[in-house]
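Me: I have a model open at the bench and would like to understand the words people use for it. Could you walk me through the reasoning behind them?

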Amino acid sequence: MKKATALSKSRPAFANPLPRKFARPAGPIAGGLHAAVLNQIGQRIVRGDFAPGDPLPNADDWSAAQGVSRTVLREVIKVLAGKGLIESRPKTGMRVRPRSAWNFLDPDVLAWRYAATSSSDDTRALFELRRAIEPMAAALAAERATPAQVAELDAILDEMAAAADNAELFAEPDLVFHQAILRMTGNELIGSLAAVIETALLMSFRLSEDNPRGQRHYLPLHRDVARRIAAKDTEGARQALLTLLDQAEEDVRRAMSARRGHK
């Protein structure tokens with residue numbers, strides 16, 4: 001697979017690579033104790049251990065409970081406030097903000113939301129987000145993609161084919177394929193959504209990782225998207241991407257149903 005190998009060497013590094021299976025994307029606090037505390041508190045808030053409006057423990061009590069210094073806790077609180085999860089006021093202390101204030105497009109918040117067993121509503125929300133972004137991006141890519149970008153998409157498909165029987169290995173080129181389409185629009189604002197799509201895709205992969213059909217049946221669907229883009233078929237590219245998302249959502253729902261059946 002010389003073509004794929006060359007692509008791997010030339011492709012720009014992504015902000016959140018996949019060093020282990022479906023790893024949580026790196027947050028503003030990278031690694032170590034800070035990240036562990038951020039992840040723990042963030043998940044507790046998002047899964048509802050603290051309801052909106054609930055007061056949170058004061059800094060002294062919370063830092064003691066977490067076994068960290070107040071300095072570490074202050075940094076974590078600052079990050080959580082930046083994601084819209086909490087607010088701190090002089091007289092009332094720290095409280096959980098209403099869900100309407102949460103930044104659900106933040107990669108960490110997305111990951112925390114889907115960290116536990118997800119509901120059918122969560123699945124629907126995830127794929128509604130993808131349908132709102134990706135099909136239009138495919139249509140714009142069909143209109144604007146350069147020959148070099150089309151060739152790159154074909155090379156990514158070669159990598160996907162080589163990894164089609166291994167869900168863990170398949171995840172990275174699949175991710176790159178969808179992100180490449182966003183960047184092929186030539187619209188920097190849409191291209192910047194690649195980080196959001198990255199987390200949404202990783203959650204999709206996690207939800208469907210038990211799919212007995214594997215990944216190989218996705219190859220023709222991805223190839224159809226690439227073929228439509230290469231042919232500058234804007235409506236065809238849009239429809240092909242919608243078909244791909246429909247199949248992916250069906251597989252996620254099937255895997256979730258099977259998982260519930262085994263409990």
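What follows is a set of questions about terms, each answered from a value and its cut-off.

Me: Happy to start broad. What kind of model is this, and how many helices and strands does the chain have?

Reply: It is a predicted model. The chain has 12 helices and 2 strands, in the order α-α-α-α-β-β-α-α-α-α-α-α-α-α along the sequence. Of its 263 residues, 46% count as buried. Among contacts between residues at least 6 apart in sequence, 75% join residues at least 24 apart.

Me: Why is helix 6 called oblique to helix 10?

Reply: Start with the angle: the axes of helix 6 (residues 120–144) and helix 10 (residues 194–207) cross at roughly 140 degrees and come within 11 Å. Roughly antiparallel would need an angle over 145 degrees, and roughly perpendicular runs from 65 to 115. The value of roughly 140 fits neither class, so helix 6 is oblique to helix 10. The crossing is left-handed.

Me: Which residues make that contact, and how do they divide by class?

Reply: Helix 6 brings Thr123, Leu126, Phe127, Leu129, Arg130, Ile133 and Glu134. From helix 10 come Val196, Ile197, Ala200, Leu201, Met203, Ser204 and Leu207. By class, these are 10 nonpolar, 2 polar and 2 charged residues.

Me: Thr123 is in that list. What makes it buried?

Reply: Buried means under 20% relative accessible area, and Thr123 has 0%, so the word applies. Apart from residues up to four places away in sequence, Thr123 touches Tyr114, Leu207, Glu249, Val252, Arg253 and Met256.

Me: And why is Arg131 called partly exposed?

Reply: Arg131 is also found in helix 6. Its relative accessibility is 26%, while the partly exposed class lies between 20% and 50%. The value falls in that range, so Arg131 counts as partly exposed. Leaving aside neighbours within four places in sequence, Arg131 is in contact with Leu242, Leu245, Asp246 and Glu249. Arg131 and Asp246 are 115 residues apart in sequence, with their C-alpha atoms 9.1 Å apart.

Me: Back to helix 10. How do you know that its span agrees with its number of residues?

Reply: Helix 10 has 14 residues, which at 1.5 Å a residue should span 20 Å. Its end C-alpha atoms are 20 Å apart, so the two values agree. Helix 7 (residues 147–162) can be checked likewise: 16 residues reach 23 Å, close to the expected 22 Å. Buried residues of helix 7 include Val150, Leu153 and Ile156.

Me: What makes helix 10 largely enclosed?

Reply: The count of buried residues does: 13 of its 14 residues are buried, so helix 10 is largely enclosed by the rest of the structure. One of the helices in contact with helix 10 is helix 8 (residues 167–184). Their axes come within 10 Å and cross at roughly 150 degrees, in a right-handed crossing. Ala171, Asp174, Leu175, His178, Gln179, Leu182 and Arg183 of helix 8 meet Ala194, Ile197, Glu198, Leu201 and Phe205 of helix 10. This contact has 7 nonpolar, 2 polar and 3 charged residues.

Me: One last item: where is Lys232, and what is its phi?

Reply: Lys232 is in the loop between helix 11 (219–230) and helix 12 (234–261). Its phi is near 60 degrees, a positive value in a residue other than glycine. Most residues other than glycine have a negative phi.

Notes
Residues numbered from 1 in each chain as written. Predicted model: local features only at pLDDT ≥ 70, side-chain atom pairs only at ≥ 80, totals over all residues. Heavy atoms only, no water. Axes fitted to C-alpha atoms, helices over the stretch in contact; angles between N-to-C directions. Helix = DSSP H or I, 4+ residues; strand = E, 2+ residues; numbered from the N terminus. Parallel < 35°, antiparallel > 145°, perpendicular 65-115°, else oblique. Left-handed = near helix turned anticlockwise from the far one by under 90°. Contact = heavy atoms within 4.5 Å. Nonpolar A, V, L, I, M, F, W, Y, C, P; charged D, E, K, R; others polar. Buried < 20%, exposed > 50% of the residue type's maximum accessible area, 1.4 Å probe, protein only. Expected span 1.5 Å × (residues − 1).
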